[in-house]
Amino acid sequence: AVFALGNFTSWFFVLRARDFFFAETGSDQKAAAVAIALYCLFNVVYAVFSIPVGILSDRIGRGRILLMGYALLGITFFGFAVLQSVAALVIFFILYGLIYAFVEGAERAFVCDMAPEHIRGTALGTLHTAVGVVALPSGIIAGVLWESVDSWAAFVYGGSMGLIAAA
């Protein structure tokens, strides 16, 4: 739930990329197209690395994979807060895809590993309830920070929550 409280919607990343490219090109249409392309890159990375990371979690343990994913979220979100180049933006979208590859399956598997067989469904439901309950405040907090401070503040908040989850 702590991780999810800081892991606000992916569309903040698309907006950050659009704003970055709008400042570079002056064209909202080009900026939006590049931002959507980067979102596609995020999804490709997530899809490509999900199975290898799942195999790795079977070998080294879910807890280690989750620790890496949560810490990577912190690092990546801080990177989005301060990025200054196109190369950095591409790298951080790739890392953002890796976060999902590390966390999505490992969280569910970790819950299944920990829960007694007769309540695994309840345990998974509890996980998704906790994530769902914090999804709205996560987005609201990030949105308020984005609007009242600046985009970097939303990413610093999310990054901080990722590092707290890792701790």
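Start by selecting Asp58, which is exposed at 56% relative accessibility. You are looking at a predicted model, so keep that in mind as we move from one residue to the next.

Now add Arg62 to the selection. The two side chains, Asp58 and Arg62, form a salt bridge, with N and O 2.6 Å apart. Buried or exposed: which describes Arg62? With a relative accessible area of 15%, Arg62 is buried, because the cut-off for that class is under 20%. One salt bridge here therefore pairs a buried arginine, Arg62, with an exposed aspartate, Asp58.

Keep Arg62 on screen and bring up Asp113. These two also make a salt bridge, and their closest N and O atoms lie 2.8 Å apart. Colour the helices and you will see that the pair links distant parts of the chain: Asp113 sits in helix α5, residues 86–114, and Arg62 in helix α4, residues 62–82, with their positions 51 residues apart. As for its surroundings, Asp113 is partly exposed, at 48% relative accessible area.

Next, select Arg18, Asp19 and Asp28 together. Salt bridges with shared partners connect these three residues into one network. Zoom in on Arg18 and Asp19, where the closest N and O atoms of their salt bridge are 2.8 Å apart. Arg18 is partly exposed, at 27% relative accessibility, and Asp19 is partly exposed too, at 31%. If you are wondering about the general idea, side chains of opposite charge can pair when their charged atoms come close.

How many salt bridges does a search of the whole structure find? The search finds 5. To take in the charges as a set, display the 8 positive and 10 negative ones: their mean positions are 7 Å apart.

Time to zoom out and switch to a cartoon view. The protein has 7 helices and 0 strands, and from the N terminus the elements read α-α-α-α-α-α-α. The radius of gyration is 17 Å, close to the 15 Å from the globule rule for 167 residues, so the protein is as compact as a globular protein of that length. Draw a box along the principal axes and the C-alpha atoms fill roughly 55 × 30 × 25 Å.

Finish with a surface view. The accessible surface is about 8,500 Å², and carbon and sulfur atoms account for 69% of that area. Then hide the surface and colour by burial: 41% of the 167 residues are buried. For a last stop, try a contact map: among contacts with a separation of 6 or more, 74% join residues 24 or more positions apart.

Definitions and conventions. Residues numbered from 1 in each chain as written. Predicted model: local features only at pLDDT ≥ 70, side-chain atom pairs only at ≥ 80, totals over all residues. Heavy atoms only, no water. Helix = DSSP H or I, 4+ residues; strand = E, 2+ residues; numbered from the N terminus. Rg over C-alpha atoms; globule rule 2.2 N^0.38 Å. Buried < 20%, exposed > 50% of the residue type's maximum accessible area, 1.4 Å probe, protein only. Contact = heavy atoms within 4.5 Å. Areas by Shrake-Rupley, 256 points an atom, 1.4 Å probe, with all protein chains shown as cover. Lys, Arg positive; Asp, Glu negative; His and termini not counted. Charge placed at Lys NZ, Arg CZ, Asp CG, Glu CD. Salt bridge = Lys/Arg side-chain N within 4 Å of Asp/Glu carboxyl O.
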